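Got the viewer open? Load the model, keep the selection box handy, and follow along stop by stop.

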Amino acid sequence: MIVTCCQLTEMITDRSEGKLSSEQEEGCARHLAWCDRCRTYLKQMDLTIDALQGLPGEPVHDDVRATLFVQFQRRKTTAD
């Protein structure tokens with residue numbers, strides 16, 4: 001399976017949770033073997049996850065959650 005940069009970034013969460021098929025995992029590994037940008041992205045995601053896990057779990061208000069969701073959707077739409 002050939003994995004593009006876009007596909008890899010979409011599979012990062014599933015990959016970290018062990019939810020990828022063996023074919024998808026192999027495709028990611030092949031892609032990461034040659035793609036410096038995706039390796040950097042993966043390292044940044046790992047650092048972010050590690051940093052966020054150290055924060056206390058406080059509830060997010062619904063209005064803040066809705067605002068963030070809209071911003072993430074806008075960003076995703078402009079990135080495509």
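Start by colouring by pLDDT, the predictor's confidence in each residue, from 0 to 100. Averaged over the protein chain, pLDDT comes to 89, and 96% of the residues reach 70 or more. Two notes on the ground rules: this is a predicted model, in which local features need pLDDT of at least 70 and side-chain atom pairs count only at pLDDT 80 or more, while totals for chains, interfaces and linings use all residues. Numbering runs from 1 along each chain as its sequence is written, and side-chain values use heavy atoms, with hydrogens and water left out.

**Whole chain**

Switch to cartoon. You'll see 4 helices and 0 strands, in the order α-α-α-α along the sequence. Helices here are DSSP runs (H or I, at least four residues), strands likewise (E, at least two), numbered from the N terminus.

Now turn on the C-alpha trace and rotate: along the principal axes of the protein chain, the trace spans about 40 × 30 × 25 Å. The radius of gyration is 15 Å, whereas a compact globule of 80 residues would come in near 12 Å. That radius is taken over C-alpha atoms, and the globule rule is 2.2 Å times the number of residues to the power 0.38.

Show the surface next. About 6700 Å² is accessible, and carbon and sulfur atoms account for 55% of that (Shrake-Rupley method with a 1.4 Å probe; for residues, only the protein chains shown count as cover). Of the 80 residues, 15% are buried. Buried means under 20% relative accessible area, exposed over 50%, and partly exposed in between (1.4 Å probe, protein chains only).

**Helix H2**

Select residues 22–34. This is helix H2, which has the highest mean pLDDT among the elements, at 95. Zoom to His 31, which sits in this helix. Is His 31 buried or exposed? With 2% relative accessibility, His 31 counts as buried. Show its neighbours: leaving aside residues up to four places away in sequence, His 31 touches Val 3, Thr 4, Cys 5, Leu 8 and Cys 38. A contact here means heavy atoms within 4.5 Å.

Stay in helix H2 for Ala 29. Ala 29 is partly exposed, at 40% relative accessible area. Draw a distance from its C-alpha to that of Thr 4 and you should get 12 Å, for residues 25 apart along the chain.

**Helix H3**

Move on to residues 36–53, helix H3, and pick Asp 50. Asp 50 is exposed, with a relative accessible area of 52%. Its C-alpha lies 25 Å from that of Gly 27, with their positions 23 residues apart in sequence.

**Helix H4**

Last stop: residues 62–79, helix H4, with the lowest mean pLDDT among the elements, at 85. Select Leu 68 in this helix. Leu 68 is partly exposed, at 36% relative accessible area. Stretch a distance line to Glu 26: the two C-alpha atoms are 33 Å apart, for a sequence separation of 42 residues.

Before you close the session, zoom out again. Of the contacts between residues at least 6 apart in sequence, 42% join residues at least 24 apart.
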